[in-house]
Amino acid sequence: MKSEISTLLADIKEQILYLQELGAENFSVELPEISFSANSKAQSLKTEVSPERLERFVPTEFDLPKLETAKPKAAGAENASTRQSLLEATKLSRLPSLPKRNSFSTNQKTEPAREIEMPKTIIDETPPLFGDFKPTLGESNETIEEIRLDIGNCVRCPLHEGRTKIVHTTGNFNADLLFVGEAPGANEDAEGVPFVGRAGELLNKIIQSIGLRREDVLVGNVNRCRPPGNRTPTLPEAHTCRPFLKREIAVVKPKVIVVLGNTATQNLLDTKVGITKLRGEFQDYFGISVMPTFHPAYLLRDPSKKREVWEDMKKVRDFLNNGTPST
Ligand code: SF4
């Protein structure tokens, strides 16, 4: 009988604690200290159980064994530790919900929410190629004007800091032929037009050599802002700006792209192979034929290379005329 009453009292206590642990923090029940000493037993039980019921379960002559002397309630911290030790001692602490709740104890420091870092640049993640699979650009449902609007007053890469004007792709947006350079130089930066100055004049002659005019073709760069001191754009700078060109190519769908110089070739085609190995052979850019050749500025420094550019341009001309690369 004694042990049954002890178990009953402990269970009542546990259930109240459990309800509070489940969130019923305002559950206004005074929790008496569980004491099994003979002297304090009736006192504490009277706060919970009516005298009639108490008599039914706890005869007055009954002497419960003195298991533990109840300590007087003192500070709140002591109550909390008593409550915690009670929880740990009972089967309730083994219920799945309690360990979970305990992990969110108010005593435990919670980590402040971490800010999600948004990328400041667009990174062009060109998927790697497997085997002979060649991805194509697919159908574009945007316009050149929409791409320009998206570029806006672009500050996506550090090159914006030193530019005077953004140098966009210009020319005939229905063209079959697109020329792509590395980045604007001083003249282009001042005018906002690609390939002006001496290199631009030489490019115009190269275009004319295959029977076309500058206004028949499209001309642009991988990077639209001038690098300080005409340095080579870094790979992240190129990868940040390249998607704009890629989107324009998807809209225009030229038959051939002539890519000018080592940096432009490597940045457009995502390759580490140098221009001297790649030039003269058609490469693939998402289903579009690409002819790498020397940059006009390089030809100004080394005119002996004009011959090779002429050979490359004859292949481009034949491709445009016949629809397939000449052998
Ligand atoms: S180079 Fe391209 S990505 Fe960088 S700031 Fe200019 S337009 Fe933007």
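I took helices (H or I, at least four residues) and strands (E, at least two) as DSSP runs, numbered from the N terminus. On that basis I count 13 helices and 6 strands in the protein chain.

**Confidence.** I am working on a predicted model. I looked up the pLDDT before anything else. The protein chain averages 77, and 61% of the residues score at least 70. I then noted a stretch at residues 34-50 where the pLDDT is below 50; beyond near neighbours in sequence, the model gives this stretch 33 contacts. Residues 53-78 also stay under 50, and there I find 26 contacts beyond four places in sequence.

**Chain as a whole.** I checked burial and contact range next. Of the 327 residues in the protein chain, 27% are buried. Taking contacts with a separation of 6 or more, I find that 72% of them join residues 24 or more positions apart.

**Sheet.** I traced the strands and found an open sheet of 6 strands with mixed pairing, in the order 1-3-2-4-6-5. Strand 1 (170-171) and strand 5 (283-285) each have a single partner strand, so one side of each is left without a neighbour in the sheet. I looked further at strand 4 (residues 256-260), which pairs with strand 6 (residues 288-293) in the parallel sense over 5 bridges. Within this part of the sheet, I noted that Val258 has Met291 of strand 6 as its bridge partner.

**Helix 10 on the sheet.** I followed helix 10 (residues 262-269) and found that it lies across strand 2 (177-181), strand 4, strand 5 and strand 6. Against strand 4, I recorded that helix 10 runs at about 130°.

**Ligand shell.** I listed the residues around the ligand and got 14, the closest being Cys154, Cys157, His160, Cys225 and Cys241. By class, I sorted the shell into 8 nonpolar, 3 polar and 3 charged residues. I then asked which element gives the largest share of the shell, and it is helix 9 (residues 235-252), with 3 residues.

**Pro236.** I stayed with helix 9 for one more entry, since Pro236 is found there. Is Pro236 buried or exposed? I counted 12 other C-beta atoms within 10 Å of Pro236. A residue is exposed if that count is 12 or fewer, so Pro236 is exposed. I also looked up its separation from Asn267: the two are 31 residues apart in sequence, and their C-alpha atoms are 9.8 Å apart in space.

Terms used. Residues numbered from 1 in each chain as written. Predicted model: local features only at pLDDT ≥ 70, side-chain atom pairs only at ≥ 80, totals over all residues. Near = placed C-beta within 6 Å. Nonpolar A, V, L, I, M, F, W, Y, C, P; charged D, E, K, R; others polar. pLDDT = per-residue confidence, 0-100. Contact = placed C-beta atoms within 7 Å. Buried ≥ 20, exposed ≤ 12 C-beta atoms within 10 Å, placed from the backbone. Pairing = 2+ DSSP bridges. Axes fitted to C-alpha atoms, helices over the stretch in contact; angles between N-to-C directions.
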